[in-house]
Amino acid sequence: QPGMADKVYLPYARWLAVNDRFEEAQQAFRQAGQAEEAVRMLESLADQAVTINNFKDASYFHFLLAQESCKLYPAQSGPEVAEKGRTLFLQYSESAEVYYAYAMIY
């Protein structure tokens with residue numbers, strides 16, 4: 001039924017996140033219409049990975065954030081929205097590359 005997606009997928013997404021199934025949680029958040037919560041989860045995971053010096057995971061989560069920014073701010077939504085998406089994509093992509101390089105030498 002329409003309007004029930006958030007009631008089903010949101011608790012499921014949170015359960016997936018608690019059980020370390022982050023990619024599935026990200027998708028479930030989107031299905032619940034809560035893409036911003038998926039971004040918050042990924043940002044939190046990336047920050048935690050950096051805090052514990054797990055730079056390979058930090059790189060991966062920034063890579064996922066870059067992908068998510070393309071989905072949240074598609075080019076078809078207009079020039080201002082597309083520019084915001086492009087800026088976030090470049091920011092997260094660059095961070096992913098830096099953390100990946102750092103993981104190789106740390």
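**Exercise 1. Contacts along the chain**

Among contacts in the protein chain between residues at least 6 apart in sequence, what percentage join residues at least 24 apart?

*Solution.* Keep in mind that you're looking at a predicted model. Start with the contacts between residues at least 6 apart in sequence, then pick out those joining residues at least 24 apart: they make up 44%.

**Exercise 2. The overall layout**

Describe the protein chain by its helices and strands, its box and its buried share.

*Solution.* Begin with the elements: you'll find five helices and zero strands. Walk along the sequence and the pattern reads α-α-α-α-α. Next, put a box around the C-alpha atoms along the principal axes, and you get roughly 50 × 40 × 15 Å. Finally, look at burial: of the 106 residues in the chain, 32% are buried.

**Exercise 3. Classify the pair Y12 and W15**

Decide whether the rings of Y12 and W15 are stacked or edge-to-face.

*Solution.* A search of the whole structure turns up five aromatic pairs, and Y12 with W15 is a pair whose ring centres lie 6.4 Å apart. The cut-off for pairing is centres within 6.5 Å. Now for the angle: the planes sit at 10°, so this pair is stacked; the cut-off for that label is under 30 degrees.

Where are these residues? Both lie in helix α1 (residues 5-18), three residues apart, which is about one turn of the helix. As for cover, Y12 has a relative accessible area of 37%, so it's partly exposed. W15 comes in at 45%, so it's partly exposed too.

**Exercise 4. Classify the pair F22 and F61**

Work out how the rings of F22 and F61 are arranged, and which helices they link.

*Solution.* Take the distance: 6.0 Å centre to centre. Then take the angle: 85° between the planes, which makes the pair edge-to-face. Now place the residues: F22 belongs to helix α2 (residues 22-31) and F61 to helix α4 (residues 55-72). With their positions 39 residues apart, the pair links distant parts of the chain. Both F22 and F61 are buried. There's one more piece here: ring pairs join F22, Y60 and F61 into a cluster.

**Exercise 5. Surface and charge**

How many positive and negative side chains does the protein chain have, and how far apart are the centres of the two sets?

*Solution.* Count each kind: 9 positive and 14 negative. The centres of the two sets lie 5 Å apart. To round off the outside, the accessible surface comes to about 6,900 Å², and 55% of that belongs to carbon and sulfur atoms.

Definitions and conventions
Residues are numbered from 1 along each chain as its sequence is written. This is a predicted model: local features need pLDDT of at least 70, side-chain atom pairs count only at pLDDT 80 or more; totals for chains, interfaces and linings use all residues. Side-chain values use heavy atoms; hydrogens and water are left out. Rings of Phe, Tyr and Trp (its six-membered ring) pair if their centres lie within 6.5 Å; planes under 30 degrees apart count as stacked, over 60 as edge-to-face and the rest as tilted. Helices (H or I, at least four residues) and strands (E, at least two) are DSSP runs, numbered from the N terminus. Buried means under 20% relative accessible area, exposed over 50%, partly exposed in between (1.4 Å probe, protein chains only). Contact means heavy atoms within 4.5 Å. Accessible areas come from the Shrake-Rupley method with a 1.4 Å probe; for residues, only the protein chains shown count as cover. Lys and Arg count as positive and Asp and Glu as negative; His and the chain ends are not counted. The place of a charge is taken as NZ of Lys, CZ of Arg, CG of Asp or CD of Glu.
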